[in-house]
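Please look through the sequence and the model below, and then follow the explanation step by step.

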Amino acid sequence: MPEMTNTWQTKGHQMGYKIIPIQQCKRIALVAHDNKKQDLLEWAKWNKELLIEHELYATGTTGKLLEEVLGTTVHKFQSGPLGGDQQVGAKIAEGAIDFMIFFWDPLSQQPHDTDVKALLRIAVVWNIPVACNRASADFMISSTLMTGEYERLVVDYEPYRERQVEALVADKMNELEGGSTPASTSDNNLSSGAAGA
C-alpha cells in the first residue's frame, strides 16, 4: 500500500508523495525509432540474460524483432505512429510499466513527434526511469537496483485533480449566474419597450 511522504504546495493546495514499489521482476518498455532499431536489438542481444528475467513490452515492429533476438514473449503495442507511443504512455500512467528504454532518433523528424514528446513527459510525470541512448541504458540495466525491489516516489496528484474539479464547478456556477443576467436584462428591455409602445 502506497504511503504518504513529503509534501509541497502548489497554488494553495498541498501535494505529497506516494511510494510505489517496483518489484524485482520489472515491467520494461522497449521502444526504438526506425534508425535506432538496430542499436536497440544489438543492446538487447548483449543484455539478453538480464532482460529475459523481466516482463517486456514494445511497440509494433520493435516487439516482433525483440522476440526473435531474445527468444521470449514480448507484449506488443501498435507501431509508434499508429498509437503505440500513446499506449505505452497510458500503461505508464496506469502504473503498469516500471521503466523505459527508448532509443529515439534525435536527427530525424518523426510523423508522431508530438506523441514522442508526450510519452517522455508522462515518464517524467510518473517518475519512471528512462534511458534514451545506449550509454544510459547500460547504466540502468547494470544498476544494483535491477536485482531487487525499489521504492519509487510519485507525486500524489489527488489534490490537483480535486483542484480541477473545484475550478470547473466554480466556472460553471459563474457561467450559470452570469447566464441569468442577460436573460433578465432582455426581459427588462422587452418590458420597457412594451411600456414605451
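Two residues are said to be in contact when heavy atoms lie within 4.5 Å of each other, and this is the sense in which packing is described here for a model that is predicted.

A good place to begin is helix α1, which spans residues 37-46 and in which Lys 37, Leu 40, Leu 41, Trp 43 and Ala 44 are buried. These residues lie on the same side of α1, because the arc they cover around the axis is only 165 degrees. An α-helix has 3.6 residues a turn, so residues three or four places apart point the same way. On the face turned away from the buried side, α1 carries the exposed residues Lys 45 and Trp 46. The buried residues of α1, in turn, pack against β3 (27-32), α2 (48-51), α3 (60-70), β6 (99-103) and α6 (134-141).

This packing leads to the largest nonpolar core, which has 21 residues, and in which Ile 28, Leu 30, Leu 40, Trp 43, Leu 51, Leu 66 and Ile 101 touch the most other members. At least two residues of this core come from each of β3, α1, β4 (55-59), α3, β6 and α6, and the largest share, 4 residues, is supplied by α1.

Strand β3 deserves a closer look. Of its 6 residues 5 are buried, so β3 is largely enclosed by the rest of the structure. It pairs with β4 in the parallel sense over 4 bridges, with Glu 55 of β4 as the bridge partner of Arg 27, while 5 bridges join β3 to β6, again running parallel, and here Leu 30 stands opposite Ile 101.

How values were computed:
Residues numbered from 1 in each chain as written. Predicted model: local features only at pLDDT ≥ 70, side-chain atom pairs only at ≥ 80, totals over all residues. Heavy atoms only, no water. Buried < 20%, exposed > 50% of the residue type's maximum accessible area, 1.4 Å probe, protein only. Arc of directions from axis to C-beta. Core = buried A, V, L, I, M, F, W, Y, C linked by side-chain atoms within 4.5 Å. Pairing = 2+ DSSP bridges.
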